[in-house]
Structures are given as structure tokens and as C-alpha cells.
Amino acid sequence: MRIELEKRPRVSLLFSVLSPLLALVLTLVFGAIMFWLLGKSPLNALYVYFVEPLLEVWSLHELAIKAAPLILIGVGLAVCYRSNNWNIGAEGQFTIGAIAGSILPVLYPQWHSWIILPLMLVMGMAGGALYAGIPALLKTRFNTNEILTSLMLVYIAQLFLDWLVRGPWRDPQGYNFPQTKSFQVEAVLPEMLASGRAHWAFVFAIVAAVALWFMMRFMLKGFEVSVLGQSERAGRFAGFSARRMVWFAMLLSGALAGLAGISEVSGSIGHVQPSISPGYGFTAIIVAFLGRLNPLGIVASGLVLALTYLGGEAAQLSIGISDKVSRVFQGLLLFFVLSCDTLIHYRIKLVFSDVRTVEAKG
Amino acid sequence: MFEAILLTVITASTPLVIAALGELVTERAGVLNLGVEGMMIMGAVCAFATAQLTGSPYLGLLGGVFGGAAFSLLFGFLTLTLVANQVATGLALTILGLGLSGQIGESFVGKPGIKLQPIAIPLLSDIPFVGRVLFAQDLTFYLSMALVFGIGWFLFKSRAGLKLRAIGDSHASAHALGINVIRTRYLAVMFGGACAGLAGAQLSLVYTPQWVENMSAGRGWIALALVVFASWRPWRVLAGGYLFGAVTIGQLHAQAFGIGVPSQLLSALPYAATIVVLIIISHNRRTTLINTPASLGKPFVPDR
């Protein structure tokens, strides 16, 4: 038996919509098998994992908290990937954004003014953008592969954060815990609704998603992104500069990752500590692809991936499954998304006998 | 003292060399597999688990090789059969590998590992200094050296290697000549996976004989950078691998001496060195273009 691909005469609209859903279903089926192998009741486990977190108000708030950074980073990455620039160091830009945004509350804890929060957000975005600017500079100046450089910078950013909170930024009254002082009230991102913990980062995420959707759909810049991403040569004929696009895509995705970073530190954690992200920067890559690199699709996929984090925590508490299962789920999901995307461009045929060999011999 | 440092440099360099050599063959066939980190960590956990269950580190090594190769098949199926985007699929392989290995290895955390013992080659290992450094190593070191020679010969002196390079440079021409592009690429991907698995096995059986989550710590990515650094030549992989090994060990010793620099800064050195090396090697656009396999990362659907 062989698998043959036959190019569709045109892109299948049906499968453009169906493929992410198909991928989700396949992931759930594989997840059920995995739970069964671990000796748990598959249905009960899936219920705890994917349904229970949606039933209570507080856990919906948690969902919004976890989805916000994923969506913010994911929409930036989507534009980046659409333009054929492969920034995979969002985790590092998230970290540097968090650090840059935290400079004010850490160094000026006595400063009580409303202006501090907007300044923090701007500085966070600037920090993330600058950090993403390094691979952009290296790519445009030295032709260096941005995949490798942006990833190496993740490790460096995490070590820098580690040094900061164990060294110069450590709270002297913190019982030797490696963390800074808690931020002053004015430096904490306020809650969105009175009913729970979810803060404004989720609003930022939705605004960013809609704005980028609008840009990709209706603005010349969006067209430029798509054209240069599909064919640099075609873009040059249209007068677009691939070099400038590297800068645009990297700075944009870096700024959004930085915003996610400072929002997370200011809204969810309240101080800076060595570990500020459960891998949001990497999970956002999955979010971007599951949303088919479409900013509105990414809002949906960000919520789905946030659910895997929440479900992981819930499953660990109630049925004793390790939260590492979440990473497996996320990895599987990306695999299925990528394989289902084949259906959009190709018909898949199973060939049971090798007809051509017979013909050749005859 | 010097001898001891040299020995640790070799142990730190070996996994980088092995993984990079595997990826080199894969990329020479025109396939860009960014999942080295994932295959490496799967190799590490499979090797550790096999060694624990059977009590034999050699079976463990074999387990790592098979684990890495089997895991790479997933990448092969997606990118070669289903022509999915190679960059994205490679990332998926890494993400899944890190998750899956954590899940598999959970029951092995904190267990004492089984170390692969060195094999002293009779007579040769009696040579002063050189003998103890080069001929009293464990099997993975000898394998890494054999791979450098073997791959160098295969790629540039054998007929099969010529075909493999032809596929990497122009899959359409190779296909027209009747070479089975997809099958060769599957084999190349699996070879890369097996090497990454072996490199991972070295980590969990030799370098630090225990299982720690994420113990590959970016080495798979450094191996990818090494392939670019080596401009797709096995000998240069060896040189680059040892350069990185030396940087890694150098910073560890500097930390031990406490030279007044934050330890985090020193730990960042291997990653920073990767970036610097990439800049040096890629700034000349023309030489990069000449050396890069021309079909690298491009999808191929055979016409019928």
C-alpha cells in the first residue's frame, strides 16, 4: 500500500475550515488512548481535562489569564511566519519584555502614580522588540539564520533573568527567596471584571488579534506580508523590500511577546521571579499554526491551548496524571494540524497495488 | 589536570559531533530536520529506560538509537509523504519530544544511572598521554570517530553518497534520473534520527548518567548550528564540535574557580558562541550559497 498525493486544482475551502477541527478530534482520540494506556478511564480523564475547567467562573478567568499571552504571542508569530521569517525565540522576547517592563516598579517602588503602568507596558513592548531586533539585525546584516539565533537568545534571556532576581534585583527582605519585591498597587495590571482574577492582558490580546486581522485582510502592509512570504522575487517586482519586512515582522512579534511578558508579570505574578512562563513562547508556535496563521483563528486556538494547561493542572490534582501530559497533547496537536493541512492542497489516495510497475513490465 | 580537562572536553563534544553528523547527512539529502533536540531527548530517555530495564548500558545505547530513529520516522512521514512544512514539523518534533520524554522518564527521575564503561584498547592505550586520552574511551567516542570517517567516505567517495548529494542539490533532476528521492530521504532522515538518538544516549549513559527532564539543554540546536558552521562537511563538524565542547567545559571550570563573573554569564557562553560562529560563517553570502544543498527544505512531490 502506498500513499499518493494528487494536487487539487484549487485550495479546498472545506478543508481549510475542517483541518484544524479534524486535528483536534484526532488529538482527543490519541489522548483517550494515552489515558487508557496510563490505566485511567479515558472518558473521565478527557472530561476532567477539557470540560470541567469550563464549568466554573473562576476557572474561566484562569482560562483567560492563560490564553492572553498565548494569543498575544501567537498573532505576532503568525504575521512573522506568513512573511517567511521564522522567529522561534518568542519565549526570550517574553522574558526580556517582562524584565524591561519591571525596571520601574523594581527600582522605584515608592513611585505612586497612574502613569507607571502605561510606561511599564511601553517599556515591555520596547524590550521585546529590541530583543527580537537582534536576530533581525543579524539576518539583514550578516545573513544569519534567524531560527537558530532567536532560539539561542531564549537561553541567554532566561539566564539573564535568573542572574537579575538572584543578584541585583533580589528583595533584601525576601527571606533569601530569589524574587523581587512585590510591585506597588499602581504597577499591577487591574482585573477585567469584578468576578475574578482575569486581567487586562486578555483585552490587549483581543485588540491585537482584531487589529492584525484587519491589517492582513484590508491593508497594503498585510498584502506585502503575504506576497513577500510566498515569493520574495514577486515581492521585489511589486517594490516591496524583503529586508524591511524582516525588521517589521521580527519587531512586531517581539513587541507583542514583550507585552505578553510584562502583562504576565504585572497582572498574574505581581513580582519578578526566575520562572515566569510555563513555555508560553513555544506553545504560541502551536497556537499560531492551529489558528492557521489567521489572527482570528488564533483567538480560538489560544483558548484551546490554554485549556490544555488548565486541564493538565486539574487532571494532576483530581486523577493523578502528571501535568507533563499537557506537553504531549500540545505536541500531538501540532503534528495533527500540520498533517491535516496537507488535505487543503492535496487529495490523498491510497494505492493498494503498484499498477505502474505492472504496466512497465507488460 | 590538563589530561582530565581534555577528557571532559571529549565527553562534552561527542554528543554534539554525533548529532551534527546525523543532521549533516539528512541535510545533504535536502531535508531540513529542526527536530534534532526532540530526537536527542527521546534517545536519551529511551536509552536510560532500556538500560534500567535490562541492566545493560549497551542495550541502552541500542535503545537510544532505535528511539531516535523511530521518532524521526514521524517527521519523515509528515514532511516526505504528506509534504508538510519542514520548519514547522521540525519544531513540532522538538515540542513533542520534550513532552513525551518527560512523560516516559517520569518514573526514572532520581534513579541512579548505569554508566557506560570505557573500553581500553590493548597496546594503544598504553601510549603515554595520547593513549589514555584517545584509546581508553567509551564506545560512543569510538563511534563518533568512525562516523566522521565513514560519512566522509560515504558522501564523497561512494556511489550511494553521490546519489544522496544529487538529491539534495536537485531533487527534480535526481528523480528524472530514476533515483528514488523519497526512499533515500526517508533513509537519510532515519539516519539523522539514529545519530541524534545515539547522541542522546551518550548524555544519559556517559555524560551525566541519570535522567533529568530537558537534559539535552539546547544541544540539539547547537548541533544544527554546527552543520551550518561546518558548511556541510564532516571533518569541520568534528572541529566545530570540539570547539563547542571546549567552550562548555571552559566555562564550567571558570565557574569552579570563581573568577568573579556571574555563573549565569558563563553558562550563557556556549549559546552566545553559537551566535558568534553563525555570524562569522554566514556573513559571506556567496560561500554559504555554494555550500548549502540547493534543495534544502524544499518540498518534493514526484510527478507521475
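What follows is a chat about a predicted model with two chains, A and B.

Q: Before we start, how are residues, chains and ligands numbered or lettered here?
A: Residues are numbered from 1 along each chain as its sequence is written, while chains are lettered from A and ligands numbered from 1 in the order in which they are written. Because this is a predicted model, local features need a pLDDT of at least 70 and side-chain atom pairs count only at pLDDT 80 or more, whereas totals for chains, interfaces and linings use all residues.

Q: OK, what's the average pLDDT of chain A?
A: Chain A averages a pLDDT of 88 (pLDDT is the predictor's confidence in each residue, from 0 to 100), and 97% of its residues score at least 70. Over residues 357-362 of chain A, however, the pLDDT is below 50, and this stretch has 0 contacts in the model beyond near neighbours in sequence; two residues are in contact if their C-beta atoms, placed from the backbone, lie within 7 Å.

Q: And chain B, plus the complex? What are the numbers there?
A: The mean pLDDT of chain B is 88, with 99% of its residues reaching 70 or more. Among the elements of chain B, helix α5 (residues 130-134) has the lowest mean pLDDT, 75, and α9(B) has the highest, 94. For the complex, the predictor gives an ipTM of 0.85 and a pTM of 0.88.

Q: How many helices and strands are in chain A?
A: Chain A has 14 helices and 2 strands, where helices (H or I, at least four residues) and strands (E, at least two) are DSSP runs, numbered from the N terminus. Its radius of gyration is 22 Å, close to the 21 Å that the globule rule gives for 362 residues, so chain A is as compact as a globular protein of that length. The radius is taken over C-alpha atoms, and the globule rule is 2.2 Å times the number of residues to the power 0.38.

Q: What about chain B, how many of each?
A: Chain B has 14 helices and 0 strands. With a radius of gyration of 19 Å, close to the 19 Å from the globule rule for 304 residues, chain B is as compact as a globular protein of that length. Along its principal axes, the C-alpha trace of chain B spans about 60 × 45 × 45 Å.

Q: Switching topic: how many residues does each chain give to the contact?
A: The contact takes 41 residues from chain B and 39 residues from chain A. On the side of chain B that touches chain A, the largest share, 12 residues, comes from α4(B). By class, that side of chain B has 26 nonpolar, 13 polar and 2 charged residues, where Ala, Val, Leu, Ile, Met, Phe, Trp, Tyr, Cys and Pro count as nonpolar, Asp, Glu, Lys and Arg as charged, and the others, Gly among them, as polar.

Q: Can we zoom in on B:Gly99? Is it buried or exposed?
A: B:Gly99, which lies in helix α4 of chain B, counts as buried with 22 C-beta neighbours inside 10 Å. A residue is buried if 20 or more other C-beta atoms lie within 10 Å of its own, exposed if 12 or fewer, and partly exposed in between, with C-beta atoms placed from the backbone.

Q: Which residues does it touch?
A: Leaving aside neighbours within four places in sequence, B:Gly99 is in contact with A:Lys324, A:Arg327, A:Val328, A:Gln330 and A:Gly331.

Q: And helix α13 of chain A, how many residues does it have?
A: Helix α13 (residues 324-345) of chain A has 22 residues and reaches 34 Å from its first C-alpha to its last, close to the 32 Å expected at 1.5 Å a residue; the expected span is 1.5 Å times one less than the number of residues. Of those 22 residues, 18 are buried, so α13(A) is largely enclosed by the rest of the structure.

Q: How many residues of α10(B) are buried, and what do they pack against?
A: In α10(B), 11 of the 11 residues are buried, so this helix is largely enclosed by the rest of the structure. They pack against α6 (146-166) of chain A, together with α1 (2-28), α2 (36-54), α9 (181-207), α11 (234-257) and α13 of chain B.

Q: Last one: which residues touch the most other members of the largest nonpolar core?
A: Of its 211 residues, A:Leu72, A:Ile73 and B:Leu226 touch the most other members; a nonpolar core is a set of buried Ala, Val, Leu, Ile, Met, Phe, Trp, Tyr and Cys residues joined through C-beta atoms within 7 Å. B:Leu226 is also one of the buried residues of α10(B).
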